[in-house]
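Please open the model in your viewer and keep the selection panel at hand. The stops below go from the whole chain to single residues.

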Amino acid sequence: MKKLCKSNKNRKICGVCGGIAEYLNADPTLIRLGFVLVCMAAGTGLLAYIVAALVMPEASETEE
């Protein structure tokens, strides 16, 4: 079973977008672009990223 966790491979800042992309089998760049668009449009994307960075667990080496 897949678990949502921060990425160790696709991380730029905290690995949140990379972890979401790995979970959804999507391109991490598209997820990052989506976060930027939400930040610019509503301003809540930054808050969502910070909360996700605090809540999401780190990926263990055995899960990769």
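What follows is a tour of the chain, its helices and a few chosen residues.

**Before selecting anything**

This is a predicted model, in which local features need pLDDT of at least 70 and side-chain atom pairs count only at pLDDT 80 or more, while totals for chains, interfaces and linings use all residues. Residues are numbered from 1 along each chain as its sequence is written, and side-chain values use heavy atoms, with hydrogens and water left out.

**Stop 1: the whole chain**

Select the protein chain and colour by confidence, using pLDDT, the predictor's confidence in each residue on a scale from 0 to 100. The mean pLDDT of the protein chain is 83, and 94% of its residues reach 70 or more. Confidence is highest in α1, at a mean of 89, and lowest in α3, at 84. Where pLDDT is low, the predicted coordinates should not be read in detail.

Switch to a cartoon view, and the protein chain shows three helices and zero strands, in the order α-α-α from the N terminus on. Helices (H or I, at least four residues) and strands (E, at least two) are DSSP runs, numbered from the N terminus.

The C-alpha atoms fill a box of roughly 40 × 20 × 20 Å along the principal axes. The radius of gyration of the protein chain is 12 Å, which agrees with the value near 11 Å that a compact globule of 64 residues would have; the radius is taken over C-alpha atoms, and the globule rule is 2.2 Å times the number of residues to the power 0.38.

With a surface displayed, the protein chain exposes about 4500 Å², of which carbon and sulfur atoms supply 66%; accessible areas come from the Shrake-Rupley method with a 1.4 Å probe, and for residues only the protein chains shown count as cover. Buried residues make up 30% of the 64 residues, where buried means under 20% relative accessible area, exposed over 50%, and partly exposed in between (1.4 Å probe, protein chains only).

**Stop 2: helix α1 and the loop after it**

Select residues 16-24, which form helix α1, and show the side chains of its buried residues, V16, C17, G18, G19, I20 and A21. What do the buried residues of α1 pack against? Add α2 (28-41) and α3 (45-55) to the selection, since these are the two helices that they pack against.

Move next to N25, in the loop between α1 and α2. Phi of N25 is near 55°, a positive value in a residue other than glycine. At 66% relative accessibility, N25 counts as exposed.

**Stop 3: S7, ahead of the helices**

Is S7 buried or exposed? S7, found in the segment before α1, counts as buried because its relative accessibility is 0%. Leaving aside its neighbours within four places in sequence, S7 is in contact (heavy atoms within 4.5 Å) with G15, G18, G19 and E22. Then draw a C-alpha to C-alpha distance from S7 to E58: the two are 51 residues apart in sequence and 7.1 Å apart in space.

**Stop 4: V36 and G45**

Select V36 in helix α2, which counts as partly exposed at 43% relative accessibility. From V36 to M1 the C-alpha to C-alpha distance is 29 Å, with their positions 35 residues apart in sequence.

Finish at G45, found in helix α3 and buried, with a relative accessible area of 2%. Which residues does G45 touch, not counting those up to four places away in sequence? They are F35, V38 and C39. For one of them, F35, the C-alpha to C-alpha distance to G45 is 5.7 Å, and the two residues are ten apart in sequence.
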